[in-house]
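Subject: Structure handover

Hello,

Here is the structure for you to take over. My notes on what turned up in it follow below.

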Amino acid sequence: FQGVGPIRFGMHKDEVSHTFTCVFKSFFKGPKSKIRSDDIEAYGLIIHYGTDSRVDYIEIFKPVFATVTLELFGRDITGISVRDTFALLSSHSATFTKAAYGYDFPTLGVSTYNSHLESEDQPVECFGLKASGSR
């Protein structure tokens, strides 16, 4: 429940914009959104904000131009399969839901997403992280 790299839950949108030196897109997540989300493709991050303009949800995906590694619970999870992700997360929490796109572990604040999940041997396309007590 801390954040990803230099981005921490609770950071203000202005602080996030000063963290990156690259150009990135902003968009409204849905018709009821009041605050634009930031899509930082170069680093593989989409940052979502609460109504107070503070980071409350982070999506992590493969960056367009950079090479990054992901670590969770002290384990390198770069390129990890959906099956291995489930094994890792379920060893830390018995509470989860399964959907057509992946898994959600609400007590850990972690979810997985694959746009076309055909096999659990596929690598996870996107991880979602939420701040403690949000969404």
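**Aromatic pairs and the rest**

F105 is buried, with a relative accessible area of 0%. Please keep in mind throughout that this is a predicted model.

F105 sits in strand β10 (residues 102–105) and stands opposite V110 in β11. The two strands, β10 and β11 (residues 110–113), pair in the antiparallel sense over two bridges.

There are nine aromatic pairs in the structure. In one of them, F20 and F24 meet edge-to-face, with 6.5 Å from centre to centre and 80° between the planes. F20 is buried at 10% relative accessibility, whereas F24 is partly exposed at 23%. Another pair is F86 with F105, which is tilted: the centres are 6.0 Å apart and the planes make 45°. This pair links distant parts of the chain, since F86 belongs to helix α2 (residues 82–90) and F105 to β10, 19 residues apart. Unlike F105, which is buried, F86 is partly exposed, with a relative accessible area of 23%. Ring pairs also join F86, F96, Y103 and F105 into a cluster.

Helix α2 itself lies across β10, β11 and β12, and runs at about 15° to β10.

**The sheet**

Eight strands make up an open sheet, in the order β3-β4-β5-β6-β12-β11-β10-β9, with antiparallel pairing. Its edge strands are β3 (25–27) and β9 (97–99), each of which pairs on one side only. On average, neighbouring strands of the sheet are turned by 20° against each other, direction ignored.

β5 and β6 run antiparallel and are joined by five bridges. Within this pairing, I47 has I58 in β6 as its bridge partner. The hairpin of β5 and β6 has five residues between the strands, and S53 takes a positive phi near 65° there. On to the next neighbour: β6 and β12 also pair in the antiparallel sense, over five bridges, and F61 stands opposite C126 in β12. Six of the seven residues of β6 are buried, so this strand is largely enclosed by the rest of the structure.

**The nonpolar core**

The largest nonpolar core has 28 residues. Those with the most contacts inside this core are I7, V16, I47, V55 and I58. At least two core residues come from each of β5 (45–49), β6 (55–61), α2, β10 and β12 (126–130). Leaving aside residues up to four places away in sequence, V16 touches I7, M11, D38, I47, Y49 and V55. As background, nonpolar side chains tend to be buried together in soluble globular proteins.

**Cysteines**

How many disulfides does the structure hold? Zero. The cysteine sulfur closest to that of C22 is in C126, and because the two are 17 Å apart, they are too far from each other for a bond. A disulfide would need the two sulfur atoms within 2.5 Å. C126 is likewise in no disulfide, its nearest cysteine sulfur being that of C22. As for accessibility, C22 counts as partly exposed at 22%, while C126 is buried, with a relative accessible area of 9%.

Regards

Definitions and conventions: Residues are numbered from 1 along each chain as its sequence is written. This is a predicted model: local features need pLDDT of at least 70, side-chain atom pairs count only at pLDDT 80 or more; totals for chains, interfaces and linings use all residues. Side-chain values use heavy atoms; hydrogens and water are left out. Buried means under 20% relative accessible area, exposed over 50%, partly exposed in between (1.4 Å probe, protein chains only). Rings of Phe, Tyr and Trp (its six-membered ring) pair if their centres lie within 6.5 Å; planes under 30 degrees apart count as stacked, over 60 as edge-to-face and the rest as tilted. Helices (H or I, at least four residues) and strands (E, at least two) are DSSP runs, numbered from the N terminus. A nonpolar core is a set of buried Ala, Val, Leu, Ile, Met, Phe, Trp, Tyr and Cys residues joined through side-chain atoms within 4.5 Å. Contact means heavy atoms within 4.5 Å. Two strands pair if DSSP finds at least two bridges between them. Axes are lines fitted to C-alpha atoms, for helices over the stretch in contact, and angles run from 0 to 180 degrees between N-to-C directions.
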